[in-house]
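Thanks for coming, everyone. Let me put the structure up, and then I will walk you through a few parts of it.

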Amino acid sequence: MAETIPFKNLHSRDYQGHKKKVHSVAWNCTGTKLASGSVDQTARIWHIEPHGHGKFKDIELKGHTDSVDQLCWDPKHADLIATASGDKTVRLWDARSGKCSQQAELSGENINITYKPDGTHVAVGNRDDELTILDVRKFKTIHKRKFNYEVNEIAWNMTGEMFFLTTGNGTVEVLAYPSLRPLDTLVAHTAGCYCIAIDPVGRYFAVGSADSLVSLWDISEMLCVRTFTKLEWPVRTISFNYTGEYIASASEDLFIDISNVQTGRTVHQIPCRAAMNSVEWNPKYNLLAYAGDDKNKYQADEGVFRIFGFESS
């Protein structure tokens with residue numbers, strides 16, 4: 001039986017620290033720390049107590065010389081995090097000390113980064129539609145491929161045997177891994193596919209598109225099971241909760257939609273004040289981090305992100 005979350009009674013909290021807007025939020029594997037990456041060229045690490053009120057001092061990860069566009073944690077290590085920046089570097093950090101332990105200089109402005117689920121490889125996508133795969137231990141490039149179409153978000157499946165690319169042509173390209181041999185082209189949407197999320201239970205993946213729809217796919221059949229139609233603007237970011245029962249999606253609409261994966265129905269909407277850049281559910285608790293283009297009353301970036309799911313504000 002699916003647990004019913006008392007969404008109506010839950011609140012959001014603000015986390016302020018960045019000087020410019022936050023592009024990316026991501027939880028570590030234990031769900032105890034959240035990282036935020038910003039246009040202010042830094043990432044920050046926040047300790048989050050799922051039930052408490054503690055707002056710990058955050059640690060700043062300094063060193064990038066351009067916007068930190070995306071970041072992801074090592075899926076097997078709660079204190080290792082990788083960041084991708086417009087400065088052409090990818091960096092590996094220790095979240096306890098805030099020190100950069102590894103750095104790779106790549107060929108373009110990096111906009112996407114994701115870990116292989118076993119923690120051994122990192123894939124990076126840049127603005128020139130080039131994919132680079134790094135061996136995490138040596139932090140050296142092991143694969144590099146340029147595509148002749150617009151590549152947006154990238155992801156491995158749970159076993160690491162398949163690699164997904166969402167494209168500007170409305171397709172999802174499925175490649176075998178590690179050979180990167182094409183397995184399938186899924187015609188998913190009538191406009192570009194922007195984002196992809198893999199259900200933590202391993203049954204589905206979801207794709208968000210410029211056509212404002214989110215499509216849900218059966219991973220074993222590679223068939224579309226249903227679509228979520230609540231948003232009216234291009235879908236920028238999507239995430240499954242840890243049980244795989246709910247999916248959050250966001251865009252330039254002034255709300256984040258939370259829908260039941262099985263029924264396709266909206267169960268809650270979180271109002272927001274600006275277009276959203278990143279939503280991500282915690283891997284252990286029903287806490288949803290989200291960040292967007294929030295501005296203050298003087299029209300300056302607020303540099304804030306929020307977490308929804310607390311029982312008292």
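I will go from one sheet to the core, then to the salt bridges, and end with the repeats. Keep in mind that this is a predicted model.

Start with the sheet. It is open and has 4 strands, in the order 22-23-24-25. The pairing is antiparallel. Which strands sit at the edges? Strand 22, residues 237–240, and strand 25, residues 266–271. Each of these pairs on one side only. From one strand to the next, the twist averages 15°.

Now look at strand 24, residues 255–260. On one side, strand 23 is joined to strand 24 by 4 bridges, and the two run antiparallel. Find Ala-248: its bridge partner in strand 24 is Ile-258. The connection between strand 23 and strand 24 is a hairpin through 4 residues.

Next, strand 25. Strand 24 pairs with strand 25 over 5 bridges, again in the antiparallel sense. Ile-256 has Ile-270 as its bridge partner in strand 25. Asp-257 stands opposite Gln-269. This hairpin has 5 residues between the strands. Among the residues to look at here is Gly-264, which takes a positive phi near 80°.

Is strand 24 mostly covered or mostly open? Mostly covered: 6 of its 6 residues are buried. In a regular strand, side chains alternate between the two faces of the sheet. Follow that along strand 24. Phe-255, Asp-257 and Ser-259 point one way. Ile-256, Ile-258 and Asn-260 point the other way. All of them are buried.

That brings us to the core. In soluble globular proteins, nonpolar side chains tend to be buried together. Here, the largest nonpolar core has 16 residues. Which members touch the most others? Phe-7, Ile-256, Ile-258, Leu-288 and Phe-308. So two residues we just met on strand 24, Ile-256 and Ile-258, point the same way and appear in that group. As for the strands, at least two core residues come from each of strand 23 (246–250), strand 24, strand 26 (276–281) and strand 27 (288–292).

Zoom in on Phe-308. Leaving out residues up to four places away in sequence, Phe-308 touches Phe-7, Leu-10, His-11 and Ser-12. Its contacts also include Ile-258, His-268 and Ile-270. Then there are Asn-286, Leu-287, Leu-288 and Tyr-290.

There is also a second, separate core. That one has 15 residues, including Met-162, Val-172, Val-207 and Trp-217.

On to charges. Side chains of opposite charge can pair when their charged atoms come close. How many salt bridges does the structure hold? The count is 15.

Take Arg-306 and Asp-14. They form a salt bridge, with the closest N and O atoms 3.0 Å apart. Arg-306 is in strand 28, residues 304–310, and Asp-14 is in strand 1, residues 11–16, so this pair ties together parts that are 292 residues apart in sequence. Arg-306 is buried, at 8% relative accessible area. Asp-14 is partly exposed, at 30%.

Arg-306 has another partner. Glu-302 forms a salt bridge with Arg-306, and there the closest N and O atoms are 4.0 Å apart. Through shared partners, Asp-14, Arg-273, Glu-302 and Arg-306 join into one network.

One more pair. Arg-44 and Glu-60 meet in a salt bridge, at 3.2 Å from N to O. Arg-44 lies in strand 4, residues 43–47, and Glu-60 in strand 5, residues 59–61. They are 16 residues apart. Arg-44 is buried, with a relative accessible area of 10%. Glu-60 is partly exposed, with 24%.

Last, the annotation. The unreviewed UniProt entry places the feature "repeat: WD" at residues 15–49, 61–103 and 186–227. What does the model show for residues 15–49? That span is 0% helix and 54% strand, and its end C-alpha atoms lie 13 Å apart. Residues 186–227 are 0% helix and 57% strand. There, the end C-alpha atoms lie 15 Å apart.

Key: Residues numbered from 1 in each chain as written. Predicted model: local features only at pLDDT ≥ 70, side-chain atom pairs only at ≥ 80, totals over all residues. Heavy atoms only, no water. Pairing = 2+ DSSP bridges. Axes fitted to C-alpha atoms, helices over the stretch in contact; angles between N-to-C directions. UniProt positions renumbered as here; feature names shortened; annotations may be inferred. Salt bridge = Lys/Arg side-chain N within 4 Å of Asp/Glu carboxyl O. Buried < 20%, exposed > 50% of the residue type's maximum accessible area, 1.4 Å probe, protein only. Core = buried A, V, L, I, M, F, W, Y, C linked by side-chain atoms within 4.5 Å. Contact = heavy atoms within 4.5 Å.
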